[in-house]
Amino acid sequence: MAHAAKKQFAVIGLGRFGSSIATSLSNMGFDVLAIDSDEHRVQELSNVVTHAVSADSTEEEALRALGIRNFDVVVVAIGEDIQASILTTLILKDMGGPLIVVKAQNELHGKVLKKIGADKVVYPERDMGLRVAHHLISPNILDYIEISDEYSIVEHTVTKAMVGKNLKELEIRAKFGCNVMAIKRGSKMNISPDASERLTEDDILVIVGERNDLTKLELYYAPQPVRN
Ligand code: ATP
């Protein structure tokens with residue numbers, strides 16, 4: 001019986017981010033080729049991923065010899081050496097083939113990567129910083145995801161003030177201009193919540209809105225900080 005071929009991934013740069021991606025993909029059962037110019041980093045992953053090799057990704061021949069063109073996705077997770085990150089992306093783009101995902105150190109680096117044809121640019125430090133910051137201003141925020149320059153999605157716990165109320169009574173749309181897209185209840189997810197649905201203590205609200213509006217909502221429901 002024919003079934004879809006398993007996706008093949010290559011990860012270049014095995015710092016904390018790159019090795020975490022390589023390990024996660026491998027644990028999910030995917031074939032992963034892990035590449036780093038530092039032999040020690042390669043060694044550390046050699047028992048985890050399908051193949052781990054030492055190579056300099058700024059050398060086109062080295063990438064060709066590894067058959068990188070035949071992979072479905074290549075993640076460039078070179079951090080500090082921005083020049084190496086850009087050069088590697090350029091070489092991969094020129095070769096054609098895989099989807100190219102690149103980690104950017106900052107906005108300018110990200111802009112350059114997009115310009116030269118990276119298919120996806122990710123900012124792990126910035127995104128994690130954002131999440132932690134939102135969790136700090138309100139412990140009710142379990143997750144925070146930017147979906148565009150203006151809009152974000154938050155996962156918000158049901159606070160004491162919300163328990164037993166329904167969405168109509170909370171007036172989240174009227175007060176903050178945000179929309180409750182879904183209610184998570186245990187392992188179930190209600191993706192078209194009814195306005196009369198009563199909220200329980202363990203529910204989680206998935207809310208979409210403009211960033212400033214979401215921050216207002218977060219602060220409105222955030223408990224006052226406790227001072228000693
Ligand atoms: P993290 O924050 O994810 O730990 P980082 O931003 O500190 O990463 P670096 O440690 O600078 O990133 O780079 C990640 C890895 O990329 C390093 O292990 C480094 O050896 C590797 N690397 C850098 N340049 C190249 C290159 N030209 N070819 C292959 N690997 C490279």
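**View 1. The span from residue 6 to residue 122 in the predicted model.** Residues 6-122 are 41% helix and 23% strand, and the C-alpha atoms at the two ends of this span lie 24 Å apart. In an unreviewed UniProt entry, the feature "domain: RCK N-terminal" is placed at residues 6-122, so named in that record and not derived from the coordinates of this predicted model.

**View 2. Residues around the ligand.** The ligand has 21 residues around it, and among these Arg16, Phe17, Asp36, Arg41 and Asp56 come nearest.

**View 3. Polar atoms of the protein beside oxygen and nitrogen atoms of the ligand.** A polar backbone atom of phenylalanine 17 is 2.7 Å from an oxygen atom of the ligand, while at aspartate 36 a polar side-chain atom lies 2.6 Å from a ligand oxygen atom. At serine 57 a polar backbone atom is found 3.0 Å from a nitrogen atom of the ligand. Taken on its own, the ligand has 630 Å² of accessible area, of which the protein covers 85%.

**View 4. Methionine 128 and a nonpolar patch on the surface.** Methionine 128 lies in helix H6, which runs over residues 124-137. With a relative accessible area of 47%, methionine 128 is classed as partly exposed, because this value falls between the 20% limit for buried residues and the 50% limit for exposed ones. Together with Val132 and Leu136, Met128 forms a nonpolar patch on the surface, and the three residues have about 310 Å² of accessible area together.

Terms used:
Residues are numbered from 1 along each chain as its sequence is written. This is a predicted model: local features need pLDDT of at least 70, side-chain atom pairs count only at pLDDT 80 or more; totals for chains, interfaces and linings use all residues. Side-chain values use heavy atoms; hydrogens and water are left out. Patches are made of residues with over 30% relative accessible area and no salt bridge: like charges are joined within 9 Å, nonpolar side chains (Val, Leu, Ile, Met, Phe, Trp, Tyr) within 5 Å. Accessible areas come from the Shrake-Rupley method with a 1.4 Å probe; for residues, only the protein chains shown count as cover. A salt bridge is a side-chain nitrogen of Lys or Arg within 4 Å of a carboxyl oxygen of Asp or Glu. Helices (H or I, at least four residues) and strands (E, at least two) are DSSP runs, numbered from the N terminus. Buried means under 20% relative accessible area, exposed over 50%, partly exposed in between (1.4 Å probe, protein chains only). A residue is near a molecule or strand if one of its heavy atoms lies within 4 Å of it. A polar contact is a pair of N or O atoms within 3.5 Å; within protein, one must be able to donate a hydrogen and the other to accept it, and residues adjacent in sequence count only if both atoms are side-chain atoms.
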